[in-house]
Amino acid sequence: TLPPQHRRPCTHFLSWSWGYKISDMRSALKSWVEEEGKDPAKVFLWICFFWNNQIRLLVQKEGGDDLAKVFGPTLKRVGKMVALLDHWKEPRYLT
């Protein structure tokens, strides 16, 4: 985790898909920050990977209700979501 002096409240919830390469995620986020004119020093992402494992949640408990209970409060608290796509046509995120 970040040292306390570098921590801030999350500004965006990052929604992504298992199987993305870290390099693709980094490149996409860099492009998003640049295209949207965001100050990278003021963007703090909540990434589900570091909090819970969706695959484990789905295997242990069937259905999307559990995911809604896990993600719902965080989405409401953060207030903004960024969906990361690996490709514009047929992204893994939507399959």
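K30 and E34 both lie in helix 1, four residues apart, or about one turn of the helix. In this predicted model, the two residues form a salt bridge, with the closest N and O atoms 2.7 Å apart. The structure holds one salt bridge. Side chains of opposite charge can pair when their charged atoms come close. An α-helix has 3.6 residues a turn, so residues three or four places apart point the same way. K30 counts as partly exposed, because its relative accessibility is 45%. E34 counts as exposed, because its relative accessibility is 52%.

The protein has three helices and three strands. Along the sequence, these elements follow the pattern β-α-β-α-α-β. The protein contains 95 residues, of which 27% are buried. The exposed area is about 7400 Å², and carbon and sulfur atoms supply 56% of it. Contacts between residues at least 6 apart in sequence were also examined. Of these, 71% join residues at least 24 apart.

Helix 1 spans residues 22-36. At 1.5 Å a residue, its 15 residues should span 21 Å. The end C-alpha atoms of helix 1 are 21 Å apart, so the span agrees with expectation. The buried residues of helix 1 are M25, L29, W32 and V33. These residues lie on the same side of helix 1, because they cover an arc of only 95° around the axis. The cover over the buried residues of helix 1 includes strand 1, strand 2 (45-47) and strand 3 (81-83). The face turned away from the buried side carries the exposed residues E34 and E35. E34 is thus a residue of that face and also the salt-bridge partner of K30. Helix 1 is followed by G37, which has a positive phi near 70°.

Strand 1 covers residues 12-15. S15 is found in this strand. S15 is buried, because its relative accessible area is 14% and the cut-off for burial is under 20%. Not counting residues up to four places away in sequence, S15 touches M81, V82, A83, L84 and Y93. Strand 3 comprises residues 81-83, and M81, V82 and A83 are among the residues touched by S15.

A second buried position is found in helix 3, which runs over residues 65-78 and holds T74. T74 is buried, with a relative accessible area of 9%. With neighbours within four places in sequence left aside, T74 is in contact with F13 and W46. Strand 1 covers 12-15 and strand 2 covers 45-47, so T74 touches a residue in each of these strands through F13 and W46.

W18 lies in the loop between strand 1 and helix 1. W18 is partly exposed, with a relative accessible area of 35%. Together with F49 and F50, W18 makes a nonpolar surface patch of about 360 Å². W18 qualifies for the patch because its 35% exceeds the cut-off of over 30% relative accessible area.

The segment after strand 3 contains E90. Phi of E90 is near 55°, a positive value in a residue other than glycine. E90 counts as exposed, because its relative accessibility is 72% and the cut-off is over 50%.

Key
Residues are numbered from 1 along each chain as its sequence is written. This is a predicted model: local features need pLDDT of at least 70, side-chain atom pairs count only at pLDDT 80 or more; totals for chains, interfaces and linings use all residues. Side-chain values use heavy atoms; hydrogens and water are left out. Patches are made of residues with over 30% relative accessible area and no salt bridge: like charges are joined within 9 Å, nonpolar side chains (Val, Leu, Ile, Met, Phe, Trp, Tyr) within 5 Å. Accessible areas come from the Shrake-Rupley method with a 1.4 Å probe; for residues, only the protein chains shown count as cover. A salt bridge is a side-chain nitrogen of Lys or Arg within 4 Å of a carboxyl oxygen of Asp or Glu. Helices (H or I, at least four residues) and strands (E, at least two) are DSSP runs, numbered from the N terminus. Buried means under 20% relative accessible area, exposed over 50%, partly exposed in between (1.4 Å probe, protein chains only). Contact means heavy atoms within 4.5 Å. The expected span of a helix is 1.5 Å times one less than its number of residues. The arc is that of the directions from the helix axis to the C-beta atoms.
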